[in-house]
Amino acid sequence: MIAGKELQGVIVATILLLIAGALPYYGSDYLLSLGITIAMFTVLATSWALFSGPTHYISLATAAFFGLGTYTAGLGIETLPFWVLIGLAGVLGAGLAALVGLATLRLSGVYFVIFTLGLAELVRQVITWGQNMTGQKGLYVLTDFTEANLYQMLVALGAAVFLVGWLINRSRLGFALRIIGDDETVAAHSGINTALAKVLLFMVSGAVAAMTGAILAPRYVYIEPALAFTPLLSFQVVIMALLGGVHRLWGPIVGVIPFTIILETISANFPNQVTLFIGIVFLVIVYFIPRGFAGLIEQMRDWSRSREGLT
Amino acid sequence: MMMKRRTALTLGAAAAASLAAPRLALAQSDVVKIGAVAPKTGPLAGGATVTQWPNVALWANQVNAKGGLMVDGGQKMVEVIEYDDQTNPGETIKAVQRLATQDNADFIIAPYGTGFNIAAAPLFDRYKYPQLAVSAITDQIEDLSSKFNGMFFLLGSTTAFVSGVVDVLKGMQNAGTLTGNKIAMVNVADAFGIELAAAARPLFEAAGFDIVYDTSYPLGTQDLSPVMKAAKAAQPNAFVAWSYPPDTFGLTEQAIIEDLQVEAYYTAVATCFPAFGNRFGAAANGILGAGGSNPDDEKFKAYAAAHMDVTGSAPDGWASATTYASLQILEQSIAAVGLDREGVTEHVKATTFDTVLGDMSFNANNFNERFWTVGQWQDGVYQGVGETGREGAKAVQLKQGWA
């Protein structure tokens with residue numbers, strides 16, 4: 001069933017996954033803390049691209065789902081096992097995505113973008129209102145998980161996202177989404193239930209972001225709305241995914257890794273000019289690599305092939 | 001296209017090289033490396049640039065002007081490594097990790113903000129850094145210090161702050177300056193505001209006060225005029241706002257516009273900022289605020305003058321001096337036990353320190369029990385009026401109009 005080239009891809013992916021998953025055994029604590037950031041954004045950007053890549057709907061709701069997951073973990077940590085909370089966060093994330101999707105995915109273009117941007121603020125205000133009514137303050141998530149534990153949970157979640165993404169690409173659903181992305185009217189006329197397909201993918205994306213939030217709650221220890229629902233997160237995810245390229249499953253990860261390393265370099269060496277340097281980096285990205293690293297890599301491959309052909 | 005690709009690759013290589021390059025310049029043992037993580041950008045940057053960063057600069061400047069820290073009988077210069085956490089706890093964690101493992105900082109100054117201190121606590125604990133938390137006010141001190149052995153709390157607890165306000169109002173009532181028991185209370189619907197309001201309701205009621213108006217407004221509310229109008233309509237004797245910096249200013253502006261007639265007027269965070277006194281001038285007189293200090297104390301005077309001299313700005317009337325005191329504690333502990341971090345933690349637990357705020361020591365929960373709770377603008381100076389064991393508190397004055 002699996003063609004030779006795909007088998008090769010699967011083997012390479014598995015080896016890379018094992019190398020990444022074993023980081024706590026050979027990397028320093030510092031590398032591990034960088035690794036958590038990379039793993040977190042890889043999971044978020046890849047799951048974002050699963051939905052936004054084929055459909056071209058730009059979602060800014062990542063922070064809403066992430067915060068929902070963080071709060072699920074924060075509220076339940078005293079009563080439920082952590083594994084259950086991660087699963088519950090996924091279910092709640094998917095549920096919220098379904099609600100939002102059914103209400104808004106019939107909208108297109110800028111309306112959808114604006115709604116998703118508002119969603120994080122909406123959820124945040126609901127939680128703040130709840131706190132204000134009950135006098136409930138910030139939540140403490142005190143656990144015995146080490147950074148290595150959390151990192152490996154994220155890598156496992158990342159592996160699951162890649163697997164799901166790969167399966168969707170091979171399925172009728174993936175095919176339907178690519179048609180929707182090319183021309184939604186044509187897709188509808190071909191008998192594709194466009195709303196259902198979009199909502200399903202949005203649910204996957206929302207569930208993954210919520211699970212990521214739940215996994216990271218023990219790292220933040222203290223959870224309050226301003227920290228859990230920071231809108232910057234949504235934008236960072238979009239930028240990293242676009243930097244990598246959203247037309248390939250492996251695209252976002254080649255954006256996340258250099259972006260995180262550049263950001264780390266900047267904040268370590270120029271702590272007073274972080275925002276300025278991030279702005280310059282964005283300009284460089286937009287001007288020099290508009291199709292993302294994935295596009296650049298493919299372009300270089302084509303170029304070297306055509307040179308081989310010439311000689 | 002070739003050019004462009006090469007440019008991008010060069011940029012990437014440069015970034016990778018500078019990340020990999022060890023900080024050779026810092027790898028000298030004749031300096032003591034002090035890490036500092038706090039916001040320079042983001043929502044909390046405004047507070048941190050008044051309270052946190054100037055004191056770090058002042059302290060390092062003074063220590064190096066003296067020839068350095070006393071360490072094991074000799075002297076070593078201080079080198080401060082500063083990072084901006086962008087008001088993002090993920091960045092705080094990364095920066096503390098970087099300081100501990102890449103920069104090999106000898107000590108790290110506690111971050112700015114309650115959530116940020118708690119987020120960083122597991123890392124301080126893992127690398128055995130003492131964490132002298134100043135800008136972190138909570139009622140969970142006992143839990144946190146039992147989990148994180150080196151975590152200390154200098155500025156106070158939530159309940160103590162509310163009790164301070166209740167005591168001040170009760171005192172005014174007993175003195176006959178507060179003629180009724182009606183309180184209008186508002187709070188910003190965000191972490192610290194919610195926490196203070198929730199603690200205040202039962203305490204006010206137990207003290208015999210009647211909360212005639214009780215509402216909240218979202219963080220970042222621009223138009224506070226409806227809040228002030230409604231508070232005025234309830235005809236309170238005292239107005240209490242558990243507020244953050246922007247609304248501390250906004251509410252006071254509205255109180256002046258509405259000509260709110262109360263005998264006591266309290267706003268919380270940032271009332272003690274020099275900018276508050278500058279903004280409202282004579283109208284600020286009589287306004288009560290969170291935290292205080294004794295500006296007539298000789299030590300405080302010397303500190304404030306040096307602060308002005310080195311950083312070009314005045315300290316605030318509350319957490320500034322406490323932040324500076326935390327650095328004095330660190331300095332005195334290093335002089336006593338050297339650069340052994342666990343030794344410093346044990347020394348802090350066991351010792352009474354001579355600081356800008358007077359003697360300071362910690363109880364079994366790593367809690368400094370003596371601090372300022374309430375202050376008041378009196379003749380253009382922010383004076384401490386409520387404390388839990390500090391000397392030099394002034395008598396509370398009646399709020400008399402807004403002229």
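This is a working chat about how the two chains of a predicted model pack and pair.

Colleague: Before we start, what should I know about the numbering and the model?
Modeller: Residues are numbered from 1 along each chain as its sequence is written, and chains are lettered from A in the order in which they are written. This is a predicted model, in which local features need pLDDT of at least 70 and side-chain atom pairs count only at pLDDT 80 or more, while totals for chains, interfaces and linings use all residues; side-chain values use heavy atoms, with hydrogens and water left out.

Colleague: How many residues of each chain are in contact across chain A and chain B?
Modeller: There are 38 residues of chain A in contact with 45 residues of chain B, where contact means heavy atoms within 4.5 Å. The two chains bury about 4000 Å² between them, with 62% of it on carbon and sulfur atoms; buried area is the accessible area (1.4 Å probe) that two parts lose on being put together, summed over both.

Colleague: And how many salt bridges are there between chain A and chain B?
Modeller: The count is 4 salt bridges, each being a side-chain nitrogen of Lys or Arg within 4 Å of a carboxyl oxygen of Asp or Glu. One of them joins the side chains of A:Glu264 and B:Lys94, at 3.5 Å from N to O.

Colleague: Which helix gives the largest share of the side of chain A that touches chain B?
Modeller: That is α13(A), with 7 residues. Helices here are DSSP runs (H or I, at least four residues), as strands are (E, at least two), and they are numbered from the N terminus.

Colleague: Switching to chain B, what does its domain assignment give?
Modeller: It gives domain 1 (30-157 + 297-372) and domain 2 (160-295 + 374-387), with bounds that come from an automatic or database domain assignment. The centres of these two domains, taken over C-alpha atoms, are separated by 29 Å, and the area buried between them is about 1600 Å².

Colleague: Which three residues of domain 1 supply the most of that area?
Modeller: B:Gly317, B:Trp318 and B:Trp372 supply 45% of the area that domain 1 of chain B buries against domain 2 of chain B, more than any other three residues. The count of salt bridges between these two domains is 0.

Colleague: What about the largest nonpolar core?
Modeller: It has 116 residues, and among those that touch the most other members are B:Phe239 and B:Trp242. At least three of its residues come from each of the two domains of chain B. Such a core is a set of buried Ala, Val, Leu, Ile, Met, Phe, Trp, Tyr and Cys residues joined through side-chain atoms within 4.5 Å; buried means under 20% relative accessible area, exposed over 50%, and partly exposed in between (1.4 Å probe, protein chains only).

Colleague: Back to charges: which residue forms a salt bridge with A:Arg219?
Modeller: A:Glu147 does, with the closest N and O atoms 2.8 Å apart, and the two residues are 72 residues apart in the chain. A:Arg219 is buried, at 9% relative accessible area, and A:Glu147 is buried too, at 8%.

Colleague: Is B:Lys299, which pairs with B:Asp354, buried or partly exposed?
Modeller: B:Lys299 is partly exposed, with a relative accessible area of 39%, and B:Asp354 counts as partly exposed at 43%. Their closest N and O atoms are 2.7 Å apart. B:Lys299 lies in helix α12 of chain B and B:Asp354 in strand β12, so the pair ties together parts that are 55 residues apart in sequence.
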